[in-house]
Amino acid sequence: STQSTWGVRARMPERERINDNVQRALDRELADLKDACDQLSNIINQAEDQFRRLDQQRQLLQADLADKSSALGLDQQCLEVQNHPDKDRESLKTTLGARPKLELSDPRKLTQKSTTLPDIWKKSTAQLVEECIGLEQGSEKIRTNIQRIMRLLEASNMQSNTTVQNALKNKVKQSATLQAQLMKKLQEINQEMDHLQEEKQQLISNLQAKMGPLKVVRDRLSIRKNRPERETVRDGVEEALEAELARLKVTISTLEQKLDNVDEEQKRLQGVKRQLEADLTDKSAALRLDRRCLELDLDQLSQRSTPPATPQFFYGNGGGVRPSSPLSVRSSRSAISSPRLTPMPHSAR
């Protein structure tokens, strides 16, 4: 789950890669998982060593059992050897007057001299049994320790997962709120740009409306310049035309200044709109990814509703499964080795 979450969040847009509560919770969960892998690796090493000792002890027990079974069989054969007088007489019949001749071998050639005393013989087997009992007790301790560690790790993992889940829920809620705010702000910007466009059109219309009167005034002044010298006087008409021309120029200059201001404001709002759209795109992508992470986390949590089976490292009449070799234990260890997670670069906000 953690690895999948990291993989999903690695696709976050650059501006959304922040050191938030989710990132910190994932960092803590990753550290806990690495610590759990170290603990499991240590306990697996202990189990492997115990398995080797048990396997060696099993071989010793099998060898001792084989020797005792062989000796028991021989002793049982000795018990079956009995004295049969009639049969012996028949085998000793010879010709009349002949004396039976018996060949007696040296007893030392019939048997191998025993050097081990009975007490030592018993003590050797008893010591082997005691060592087996000690190994069984050690194995029981390892199994108990494994169960304890598994319970602790499961509880720690559940706590870390709950922390990540809560952080993701809060982040999704915050991102959804920010997304709604950005959409509202973008809508306001669009409305403001529409109003500015209407205002710009109105200013352009007003400016165009002043161009006609301006041309008329200029044309009248130009025509009046052609008056005869004697009629060239500064009369009321000339003053009125000049006043009208000045008024129109001020009005047109004011309209042009307003039009420039509208253009500048439109450029500013266009820049703000691009920023809002980019931020909204990133927020939407981050929200989608965080929701995906939350789904992965909830799926993993539902899978953990069933307690994991207790691992079995040993075998015997109790029905445990015996690994084919210590390599199978090493294979199990490789399966729970530290996850290959590459920390996602993030900015501190």
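Helices here are DSSP runs of at least four residues, numbered from the N terminus. The model is predicted. With that in hand, start with the fold.

The protein chain holds seven helices and zero strands. Read along the sequence, the pattern is α-α-α-α-α-α-α. The chain has 349 residues, and 27% of them are buried. Buried here means under 20% relative accessible area.

Three helices carry the rest of this tour. Helix α2 spans residues 21-80. Helix α5 runs over residues 118-224. Helix α6 covers residues 236-303.

Take α2 and α5 as a pair. How do they pack? Their axes lie 9 Å apart, at an angle of about 165 degrees. Angles over 145 degrees count as roughly antiparallel. The two helices are therefore roughly antiparallel to each other. The crossing of α2 past α5 is left-handed.

Residue pairs far apart in sequence can be checked in space. Begin with Q39, which sits in helix α2. Q39 and I149 are separated by 110 residues in sequence, yet their C-alpha atoms are 8.0 Å apart. Is Q39 buried or exposed, or something in between? Q39 has a relative accessible area of 30%, so it is partly exposed.

L60 is also a residue of helix α2. Its counterpart here is C132, 72 residues away in sequence. The C-alpha distance between L60 and C132 is 9.9 Å. L60 is partly exposed too, at 46% relative accessible area.

A surface feature comes next. L61, V129 and I133 form a nonpolar patch on the surface. Together they offer about 210 Å² of accessible area. I133 belongs to helix α5. Its relative accessible area is 39%, which means that I133 is partly exposed. A patch member must have over 30% relative accessible area, so I133 passes that cut-off.

Now follow α5 to K185. This residue lies in helix α5. K185 is partly exposed, with a relative accessible area of 42%. In sequence, K185 and L276 are 91 residues apart. In space, their C-alpha atoms are 8.0 Å apart.

Charged pairs are the next topic. Side chains of opposite charge can pair when their charged atoms come close. The structure holds 19 salt bridges. A salt bridge here needs a side-chain nitrogen of Lys or Arg within 4 Å of a carboxyl oxygen of Asp or Glu.

Helix α5 supplies one example. D219 forms a salt bridge with K215. The closest N and O atoms are 3.0 Å apart. Why can these two be described as about one helical turn apart? The reason is their spacing: D219 and K215 are four residues apart in helix α5, so about one helical turn separates them. Their accessibility can be read residue by residue. D219 counts as partly exposed, at 34% relative accessibility. K215 is exposed, with a relative accessible area of 54%. The cut-off for exposed is over 50%.

Helix α6 supplies two further examples. In one, R247 forms a salt bridge with E244. The closest N and O atoms of this pair are 2.3 Å apart. R247 and E244 are three residues apart in α6, about one turn of the helix. R247 is partly exposed, with a relative accessible area of 41%. E244 counts as partly exposed as well, at 25% relative accessibility.

In the other, the side chains of R268 and E265 meet in a salt bridge. The N to O distance is 2.6 Å. Both residues lie in helix α6, three residues apart, about one turn of the helix. R268 counts as partly exposed, at 46% relative accessibility. E265 counts as partly exposed, at 24% relative accessibility.

Salt bridges can also share partners. Through such sharing, R224, R227, D235 and E238 are joined into one network.

To retrace the route: the chain has seven helices and zero strands. Helices α2 and α5 are roughly antiparallel. L61, V129 and I133 make up a nonpolar patch on the surface. Among the 19 salt bridges are D219 with K215, R247 with E244, and R268 with E265.

Methods: Residues numbered from 1 in each chain as written. Predicted model: local features only at pLDDT ≥ 70, side-chain atom pairs only at ≥ 80, totals over all residues. Heavy atoms only, no water. Patch = residues over 30% accessible without salt bridge, like charges linked within 9 Å, V, L, I, M, F, W, Y side chains within 5 Å. Areas by Shrake-Rupley, 256 points an atom, 1.4 Å probe, with all protein chains shown as cover. Buried < 20%, exposed > 50% of the residue type's maximum accessible area, 1.4 Å probe, protein only. Axes fitted to C-alpha atoms, helices over the stretch in contact; angles between N-to-C directions. Parallel < 35°, antiparallel > 145°, perpendicular 65-115°, else oblique. Left-handed = near helix turned anticlockwise from the far one by under 90°.
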